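Biologist: I should like to learn how buried and exposed residues are read from a model. May we take a helix as the starting point?

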Amino acid sequence: MARIRLDTVPPIELLGSRDIYLKQIDAEFEAHISARGNEILVQGEDDEVAEVHAVVEHLVELISAGTPLSRQRVRYAIEMIRDRRAPELSRLVDRSEPLRPTAGTRTVVPKTVTQQAYVEAIRSHDVSLGIGPAGTGKTYLAVACAVEALTRGEVERIILTRPAVEAGESLGYLPGDLRDKVDPYLRPLYDALGDMMQTDRVNRLMENGTIEVVPLAYMRGRTLNRCFIILDEGQNATRLQIKMFLTRLGNRAKAVLTGDVTQVDLDDRSKSGLVHARKILSDIPGIAVVEFGEADVVRHALVRKILGAYDRDGQGENAELSGLTEFDV
């Protein structure tokens, strides 16, 4: 049995309302966990007791660092401890300055070790690739970094682009102006922007050209200075399109490419430019490649389980798509 004293944080912050976090931890281990006053009692096998102690220790460190708990953060701590990756968790406590997309007090805090590494890579590199499954925060954090850079005056414009594969990059037949045509394909980027800035400010910045939304095909021939450029769904861009995109960079520009190489919608999946870029660019100084995994999914807990089920399935389309990471490009 182990007794864990909570002398440095209010017990309610660790246990949660109605002991929701305590119950979550208890459900994941065979050891019995209970709370009495400012103590947590853990009874069980030594290995289990040690793991529970490590989980609680990390959660206390998070709270002490000013990070409120959530069910996702508790789940992630449990997974990391079980995977013997406890030392990595310290990066979430001893992290660099949180993202501040606006001039106010709102901050965006990475929720996983990989998310933290991704933010640090974007801040310290001119070109960053964020590759991984849906729900890992690749697009959201890239937009947060872009808005922060704009707020700090590090860049003058934000440019958001995405390959409109479903329309074959030929948007002329759709009704409306260019923004109306491309809007459906860039909705995730708009959602992220709207979560960090008031709608009227987003509209104002788009009207004056500070934030620009364009299909990838319209980027050709441009030189982009003092811009933060985000290419979303990069797995659906061809090799030539990725090359064209990256060679648009001008002075004091920064680019982030995001995508999931298991969700390629191109007719010829072997031509995915993101897969190719990961292979040939990862060793170039100034370019960072950050890969997310199933543990980094921060959407509904079922999303992580769904992804895991597809990854374990050796039959059907997912097996075929997973091969994209292995073929010779």
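**Reading burial in a predicted model**

Modeller: In this predicted model, the buried residues of helix 2 pack against helix 1 (11-15), strand 2 (32-36), helix 3 (46-64) and helix 4 (71-82).

Biologist: Which residues of helix 2 are buried?

Modeller: In helix 2 (residues 20-28), the buried residues are Y21, L22, Q24 and I25. These residues lie on the same side of helix 2, because they cover an arc of only 160° around the axis. The general idea is that an α-helix has 3.6 residues a turn, so residues three or four places apart point the same way. K23 and A27, on the other side of helix 2, are exposed.

Biologist: How should one read a nonpolar core, and which elements give two or more residues to the largest one?

Modeller: In soluble globular proteins, nonpolar side chains tend to be buried together. Here the largest nonpolar core has 36 residues, and Y118, V143, L160, L193, I211, F228 and I230 have the most contacts inside it. Elements giving two or more residues include helix 6 (113-124), helix 7 (138-151), strand 5 (157-162) and strand 6 (211-215). Helix 7 provides the largest share, 9 residues. Another core, of 32 residues, lies apart from this one and has L22, I25, M80 and L89 among its members.

Biologist: What does I211 touch?

Modeller: Leaving aside residues up to four places away in sequence, I211 touches I158, L160, L193, M197, L205 and M206.

Biologist: Which residues form a nonpolar patch on the surface?

Modeller: L302, I306 and Y310 form such a patch, with about 320 Å² of accessible area together. I306 lies in helix 13 (residues 301-312) and counts as partly exposed because its relative accessibility is 47%.

Methods: Residues are numbered from 1 along each chain as its sequence is written. This is a predicted model: local features need pLDDT of at least 70, side-chain atom pairs count only at pLDDT 80 or more; totals for chains, interfaces and linings use all residues. Side-chain values use heavy atoms; hydrogens and water are left out. A nonpolar core is a set of buried Ala, Val, Leu, Ile, Met, Phe, Trp, Tyr and Cys residues joined through side-chain atoms within 4.5 Å. Buried means under 20% relative accessible area, exposed over 50%, partly exposed in between (1.4 Å probe, protein chains only). Helices (H or I, at least four residues) and strands (E, at least two) are DSSP runs, numbered from the N terminus. Contact means heavy atoms within 4.5 Å. Patches are made of residues with over 30% relative accessible area and no salt bridge: like charges are joined within 9 Å, nonpolar side chains (Val, Leu, Ile, Met, Phe, Trp, Tyr) within 5 Å. Accessible areas come from the Shrake-Rupley method with a 1.4 Å probe; for residues, only the protein chains shown count as cover. A salt bridge is a side-chain nitrogen of Lys or Arg within 4 Å of a carboxyl oxygen of Asp or Glu. The arc is that of the directions from the helix axis to the C-beta atoms.
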